[in-house]
Amino acid sequence: MSLAPYTAVMLASYGGPDRSEDVLPFMRNATVGRGIPDERLVEVSQHYELFGGRSPINELNAALLERVAGELTRRGIDVPVVIGNRNWHPFFAETAARLADDGHERVAALATSAYSSYSSCRQYREDLDLAESGIDGRVRFDKVGAFAESPKFVRAQARAVVAAWRELRSRVGADAPLRLLFVTHSIPLAMNAASGPGAPDARYDAQHLRVAAAVADLATQELGEAPAWELTYCSRSGSPHVPWLEPDVNDRMAEFAGSVAGVVTAPIGFISDHMEVLYDLDTQARQTAADEGLAYQRAATVDSDPEFVELLVDRLVELASVARGEATPPAPPAAAQAAPAVSPARPTTEKSPP
Ligand SMILES: CC1=C(CCC(=O)O)c2cc3nc(cc4[nH]c(cc5[nH]c(cc1n2)c(C)c5CCC(=O)O)c(CCC(=O)O)c4C)C(CCC(=O)O)=C3C
Ligand SMILES: [Fe+2]
């Protein structure tokens, strides 16, 4: 198997600080031009300080990189896999320069964001473009697209949900009412509306709702009970006057107090135990649960699930065959096809809603 025309892979991630002095500069990079108030940056710095002034993201990416490289090798593909980040060292530009010096001209970029939105997708493309022009186009990056809506991703999430649900059940008993809260990163409503290729169902929240429904279906088959689930959000930032996706996972949990015995949170918006998972879920939401008298279990992220790593490498191989002209680009999610931005003439057999 081959990854031609690509001679290298860059794991393209968010980046994060490794020491206290770097926390604020990192956050200023991440939010430049975004109107995020300084109070919010100071508050989020404290989340990093709780964990020694460092983000877990760099070690997680290093380990993921090894697994991706291992899976490529297993398939007989021998290319270097390197890391590049949007907001901290090694920046895309630094890695791009190294790749160019090593003689690479076409590189496959694999972003660590599973969904499509400005922050998780287009901004990566824009920053890759900047890195390319910074080295006079000596390296060209092609980027793997959003991959959340694929069976391997859904199955990996479902395995994590099933394990967490069983764990919680064993603590609270067979009849206790439980809830399953899928959690993702909140984004501004305007960014949500602009996500995906333009169809209403391509919005960021709709992508998550489809993944959540598919995960819940699989988990139901496995568990023999149907968890009552909903989608909630974490990490709202920005000015209080700008609307972001809601409800916040903590607010929702507070509403359960008295009627629900426990909750499983499933961080489907994060591929590994990023700071949002360690702080927003394992620290803050866990505390909210304790305050509200709810039993609490957080489902694992898909990070080390072998099928997740397979999926990433499938997507790299697919990107390469598209670049070679042997395959057509992957179709957008089914729902996006069903509701194109510009409606074609409606078939006359279509039923109108009641
Ligand atoms: C959709 C999305 C993902 C998921 C997709 C993906 O994974 O890419 C994500 C991931 C991440 N976000 C991260 C960190 C931060 N995000 C911030 C700010 C923001 N995120 C946003 C969105 C997202 N963010 C948005 C709309 C903002 C407001 C500023 C803006 O409009 O762009 C800020 C500034 C402080 C604050 O405002 O909270 C920080 C520090 C880290 C690293 C964590 C670690 O260190 O482990 C990761 C993986
Ligand atoms: Fe973020």
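Of the 354 residues in the protein chain, 41% are buried. Keep in mind that this is a predicted model.

On the overall fold. The chain has twelve helices and eight strands. Its radius of gyration is 21 Å, and the globule rule gives 20 Å for 354 residues, so the chain is as compact as a globular protein of that length. Along the principal axes, the C-alpha atoms fill a box of roughly 65 × 60 × 45 Å. As for contacts, take the pairs that are at least 6 apart in sequence: 79% of them join residues at least 24 apart.

Now to one element, helix 9, which runs over residues 249-256. Which of its residues are buried? They are Val-249, Arg-252 and Met-253. Looking down the helix axis, these buried residues fall within an arc of 100°, so they line one face of helix 9. Note that an arginine, Arg-252, is in the buried set.

What covers that buried set? The cover includes three strands and a helix: strand 5, at 178-185; strand 6, at 228-234; strand 7, at 262-266; and helix 10, at 275-292.

Turn to the other side. The face of helix 9 pointing away from the buried side carries Asp-251 and Glu-255, and both are exposed. That puts two acidic residues on the face turned away, with Val-249, Arg-252 and Met-253 on the buried one.

Last, the end of the helix. Helix 9 is followed by Gly-258, and the phi of this glycine is positive, near 95°.

Definitions and conventions: Residues are numbered from 1 along each chain as its sequence is written. Chains are lettered from A and ligands numbered from 1 in the order in which they are written. This is a predicted model: local features need pLDDT of at least 70, side-chain atom pairs count only at pLDDT 80 or more; totals for chains, interfaces and linings use all residues. A residue is buried if 20 or more other C-beta atoms lie within 10 Å of its own, exposed if 12 or fewer, and partly exposed in between; C-beta atoms are placed from the backbone. Helices (H or I, at least four residues) and strands (E, at least two) are DSSP runs, numbered from the N terminus. The arc is that of the directions from the helix axis to the C-beta atoms. Two residues are in contact if their C-beta atoms, placed from the backbone, lie within 7 Å. The radius of gyration is taken over C-alpha atoms; the globule rule is 2.2 Å times the number of residues to the power 0.38.
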